[in-house]
Amino acid sequence: MATTDSEFNSDLLLAHKLPETRYTYNERDVAIYALGIGACGQDAVDSDELKYVYHRNGQDLIQVLPTFASLFTLGSLTEGLDLPGFKYDPSLLLHGQQYIEIYRPLPSKASLVNKVSLAGLQDKGKAAILELETRSYEEGSGELLCMNRTTVFLRGAGGFSNSSQPFSYKNYPSNQGLAVKIPQRQPLTVCEERTQPSQALLYRLSGDYNPLHSDPEFAKLAGFPRPILHGLCTLGFAIKAIIKCVCKGDPTAVKTISGRFLTTVFPGETLITEMWLEGLRVIYQTKVRERNKTVLAGYVDIRGLSSSL
């Protein structure tokens with residue numbers, strides 16, 4: 001629901017400090033997330049993916065996929081932000097972009113303190129674009145583990161500022177989250193994975209309970225023929241494919257993740273992720289086989305390369 005111009009004061013908005021949030025997780029949460037983005041979905045004993053859900057070969061702790069960090073932002077967005085003069089319905093939220101920096105491998109269990117700040121807000125008339133930065137610190141040590149920049153499209157939240165000069169604020173570093181140019185040459189490698197018809201129902205157990213991904217009637221009211229897959233679930237599939245194909249199964253090789261969500265995916269569709277290597281950057285795009293549409297594109301910066309590449 002958009003606010004009226006008389007309620008909106010840009011100075012109050014920009015001076016407003018968002019509250020810290022907390023996020024606590026354990027190995028069970030890590031494993032459920034991995035299953036939610038298709039780990040061992042094609043092969044229950046996949047040698048590259050079993051480590052994300054099971055203590056394989058005597059390992060003390062299961063390993064954490066880097067996109068698990070995207071869950072740390074959920075509380076701020078899904079519960080609704082208290083921004084002066086700006087209101088929105090969290091159930092009408094659509095993901096536009098996700099940018100993640102990983103500063104050290106994520107532990108398999110942790111209690112985190114998230115420091116959240118406004119990175120951008122634009123009035124688009126009928127909708128609004130909201131950008132948040134979330135820095136996640138380990139409670140106790142105070143060590144910074146990762147940073148998320150999340151861009152969301154909020155349907156029905158526009159029109160909150162003066163229509164003759166719509167509000168636009170952006171504090172997004174120019175080197176983050178840029179649209180990538182997909183190379184014209186053949187990809188280095190391609191990974192194909194079919195999502196399960198129940199994929200969104202499984203992924204939502206990691207904390208994103210937006211009914212758009214589970215309720216058929218709600219999805220129809222929102223203009224979709226059936227519930228859609230979470231954008232962050234699609235991102236998880238793509239980055240998992242890059243870890244398997246380029247990083248030789250090492251999730252700690254991932255340094256930076258950027259992804260732009262281009263169109264929706266329906267549970268049960270097949271994702272084809274194409275990858276190109278440019279130095280220590282993997283450029284990728286993900287397509288849906290059944291509709292021949294590109295649904296996601298971005299890049300991953302890695303810490304090093306296997307000698308086999």
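Here is a short chat about the largest pocket and the nonpolar cores of this predicted model.

User: How do you know that the largest pocket lies between domain 1 and domain 2?
Analyst: Look at who lines it. Domain 1 (17-26 + 67-169) and domain 2 (189-302) both supply lining residues, so the pocket sits between them. There are 18 lining residues, and Leu94, His95, Gly231, Phe261 and Thr264 are nearest the centre. Strand E2 (93-102) and helix H6 (231-245) are the elements that each give two or more residues to that lining. The space inside comes to about 310 Å³.

User: What makes a residue count as lining the largest pocket?
Analyst: A lining residue needs an atom within 4 Å of a pocket grid point. The 18 residues lining this pocket split into 10 nonpolar, 7 polar and 1 charged.

User: Why is the set with Tyr25 and Phe68 called a nonpolar core?
Analyst: Because a core takes buried residues of nonpolar type joined through side-chain atoms within 4.5 Å, and buried means under 20% relative accessible area. The largest such core has 54 residues, and Tyr25, Phe68, Phe72, Met275, Tyr284 and Val300 touch the most other members. H6 gives the largest share, 10 residues. Domain 1 and domain 2 each put in at least three residues. Another core, of 19 residues, lies apart from it, with Leu130, Leu132, Val152 and Ala157 among its members.

User: Where does the "MaoC-like" label come from?
Analyst: From UniProt, in an unreviewed entry, which places that domain feature at residues 183-295. Annotations there may be inferred rather than shown by experiment. In the model, that stretch is 23% helix and 30% strand, with its end C-alpha atoms 17 Å apart.

Methods:
Residues are numbered from 1 along each chain as its sequence is written. This is a predicted model: local features need pLDDT of at least 70, side-chain atom pairs count only at pLDDT 80 or more; totals for chains, interfaces and linings use all residues. Side-chain values use heavy atoms; hydrogens and water are left out. On a 1 Å grid over the protein atoms alone, a cavity is a set of points where a 1.4 Å probe fits but cannot get out, and a pocket is an open set with protein on both sides within 12 Å along at least five of seven lines; lining residues have an atom within 4 Å of a point. Grid points are joined across faces, edges and corners, and a volume is the space filled by probe spheres set on the points. Helices (H or I, at least four residues) and strands (E, at least two) are DSSP runs, numbered from the N terminus. Ala, Val, Leu, Ile, Met, Phe, Trp, Tyr, Cys and Pro count as nonpolar, Asp, Glu, Lys and Arg as charged, and the others, Gly among them, as polar. Domain bounds come from an automatic or database domain assignment. Buried means under 20% relative accessible area, exposed over 50%, partly exposed in between (1.4 Å probe, protein chains only).
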